[in-house]
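Here are some exercises to work through with the model open beside you. Try each task before reading its solution.

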Amino acid sequence: MTLDEWLAHCERLHPKSIDMTLDRVATVRERLGIAFDCPTIVVAGTNGKGSTCAMLESIALHAGYRVGLYIKPHLVHFQERCRVGGAPVAAESLEPHFEAVEAARGNITLTYFEFTTLAIMRRLQHEPLDLVLLEVGLGGRLDAVNVIDADCAVITSIDLDHTEFLGNDRDSVGREKAGIMRTGRPVVVSDPVPPASLAERALEIGADLRQLGRDFTFNGDRTQWQWAGRNKRFSGMAYPALRGVNQLLNASGVLAAFEALADRLPVSAQAVRTGLALVELPGRFQVLAGQPAVVLDVAHNPHAVAALAQNLDQMGFFPRTHAVFGAMADKDLAGILARIAPLVDVWHFTDLAIPRAAKAEQLEAAFLAAGLKTPPDVATHTHANPLDALHAAAAGATTADRILVFGSFYTVGGVLQQGLPRVTAGATAPQPPTFH
């Protein structure tokens with residue numbers, strides 16, 4: 001079968017999209033013999049996982065290592081989730097590994113995420129790699145990635161998301177994330193105010209906890225920044241290429257992870273500087289060239305959207321901001337909208353091509369119900385898909401305005417289907433955006 005056919009098969013296989021157990025995945029992993037003989041880093045957290053993985057990958061690549069990365073979700077093509085040597089693998093190279101998982105599972109049912117995770121890990125196992133990076137999907141303790149015993153765990157910022165699975169307070173969420181820790185092995189926590197449950201779990205199992213503010217620190221001015229760990233220091237560094245107020249937190253955790261693995265995976269100061277300077281990650285406060293300015297961001301929970309609002313506030317003055325927004329129905333829509341509403345003059349709510357997504361009319365209703373239509377001349381519109389919404393935003397914008405596309409990965413991915421969009425202010429309605 002083709003990759004698309006395998007993905008369709010995976011979607012039909014399990015009655016639930018999320019099944020918070022690990023035994024089934026562990027059994028299939030054992031049957032497949034999936035294991036890595038090089039250092040492995042597992043990254044969990046509410047926000048910042050993707051940025052952390054991208055910086056780990058970039059630095060390691062510039063240190064001369066061959067890196068395998070499992071990152072999720074994808075924006076346009078599924079194979080974006082599996083990277084080797086800094087590039088997505090070919091779609092057809094994944095097909096034999098889906099076939100192997102299907103043969104190994106027998107009568108065990110796997111969710112889409114579990115099946116695809118096993119296939120990608122098996123694909124990475126068949127590469128000669130120096131480092132494997134695995135991003136957790138949801139939580140940590142019962143996430144499919146946690147069938148691998150990481151040599152180093154990284155836990156980024158902790159906040160409330162997926163509360164029906166992870167709990168209603170930061171301590172409960174932290175306890176789930178802490179499930180990726182292993183006895184005697186380093187765990188880096190880059191949340192500056194972590195829930196107590198992280199340190200409690202590290203003490204309970206005897207993990208080597210490396211906490212921001214205690215075991216590693218950073219500071220900087222307007223032009224450069226410095227980092228200090230237990231045994232290493234880096235100074236006079238340029239800021240990471242990834243934009244955003246929280247990227248130094250993520251970068252600090254990355255350097256702490258490399259310090260923890262320095263005996264097996266040494267990196268030079270030059271690799272750190274170059275890796276951070278050249279790191280790329282689409283959809284994370286990505287500002288496209290042109291007028292009007294277009295900002296793409298996959299912020300889809302209140303914590304991430306608060307950071308997005310801060311980043312937007314620091315961009316300078318724009319007469320009007322036009323927002324294209326689509327999200328899953330189970331998100332804290334009122335919390336998300338409240339944090340960014342003061343910056344938005346025109347809303348373009350959009351449907352998304354996934355059953356879990358809220359309809360554009362539901363998003364508009366949530367916005368109106370929250371009493372956020374202030375001043376009263378703030379306009380709202382609904383659209384069938386993100387590209388239509390982006391085009392409508394461009395049609396109503398001037399060259400001095402700003403267009404923000406944010407929310408679900410499906411929202412940002414929806415405007416990237418044919419490449420980076422180049423929008424034209426005041427474009428006539430029938431014309432779709434042009435692409436380059």
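**Exercise 1. Work out how exposed Arg264 is and what its side chain meets.**

Step 1. At 41% relative accessibility, Arg264 counts as partly exposed, because buried means under 20% relative accessible area, exposed means over 50%, and partly exposed lies in between (1.4 Å probe, protein chains only).

Step 2. Arg264 and Asp151 meet through their side chains in a salt bridge, at 2.9 Å from N to O. A salt bridge here is a side-chain nitrogen of Lys or Arg within 4 Å of a carboxyl oxygen of Asp or Glu.

Step 3. Asp151 sits in the loop between β5 and β6, and Arg264 in the loop between α9 (247-260) and α10 (269-278), so the pair ties together parts that are 113 residues apart in sequence. Helices (H or I, at least four residues) and strands (E, at least two) are DSSP runs, numbered from the N terminus.

Step 4. Now check the partner: Asp151 is buried, with a relative accessible area of 16%.

Before moving on, a word on the ground rules. This is a predicted model, where local features need pLDDT of at least 70 and side-chain atom pairs count only at pLDDT 80 or more, while totals for chains, interfaces and linings use all residues. Residues are numbered from 1 along each chain as its sequence is written, and side-chain values use heavy atoms, with hydrogens and water left out.

**Exercise 2. Find the salt-bridge partners of Arg182 and Arg210, and place each pair in the chain.**

Step 1. Start with the total: the whole structure holds 18 salt bridges.

Step 2. Arg182 pairs with Asp149, and their closest N and O atoms are 2.5 Å apart. This pair links distant parts of the chain, 33 residues apart: Arg182 is in the loop between α7 (170-177) and β7 (186-189), and Asp149 is in the loop between β5 (131-135) and β6 (152-155).

Step 3. Arg182 is buried at 16% relative accessibility, whereas Asp149 is partly exposed at 48%.

Step 4. Arg210 forms a salt bridge with Glu259, with 3.8 Å between the closest N and O atoms. Here Arg210 belongs to strand β8 (residues 208-211) and Glu259 to helix α9, 49 residues apart.

Step 5. Arg210 is buried at 11% relative accessible area, and Glu259 is buried at 8%.

Step 6. Look around this pair: Asp208, Arg210, Arg214, Asp215, Arg230 and Glu259 are linked in a network of salt bridges.

**Exercise 3. Describe how α2 packs with α5, then how α1 packs with α4.**

Step 1. Helix α2 (residues 23-32) and helix α5 (residues 112-125) pack at about 30 degrees, with axes 11 Å apart. Axes are lines fitted to C-alpha atoms, for helices over the stretch in contact, and angles run from 0 to 180 degrees between N-to-C directions.

Step 2. α2 and α5 are therefore roughly parallel to each other (angles under 35 degrees count as roughly parallel).

Step 3. The residues in contact (heavy atoms within 4.5 Å) are Arg24, Val25, Val28, Arg29 and Leu32 of α2 and Glu114, Leu118 and Arg122 of α5.

Step 4. Helix α1 (residues 3-13) and helix α4 (residues 91-105) pack at about 35 degrees, with axes 9 Å apart. Their contact includes Trp6 and Cys10 of α1 and Phe98 and Glu102 of α4.

**Exercise 4. Locate the cis peptide bonds before Pro73 and Pro292, and examine the phi of Phe285.**

Step 1. Recall the background: most residues other than glycine have a negative phi, and most peptide bonds are trans.

Step 2. The bond from Lys72 to Pro73 is cis, with omega near -15 degrees, and Pro73 is in the loop between β2 (67-70) and β3 (82-84).

Step 3. The bond from Gln291 to Pro292 is also cis, with omega near 5 degrees. Pro292 is in the loop between β12 (286-288) and β13 (293-297).

Step 4. Phe285 has a phi near 40 degrees, a positive value in a residue other than glycine. Phe285 lies in the loop between α10 and β12 and is buried at 6% relative accessible area.

How values were computed: Parallel < 35°, antiparallel > 145°, perpendicular 65-115°, else oblique.
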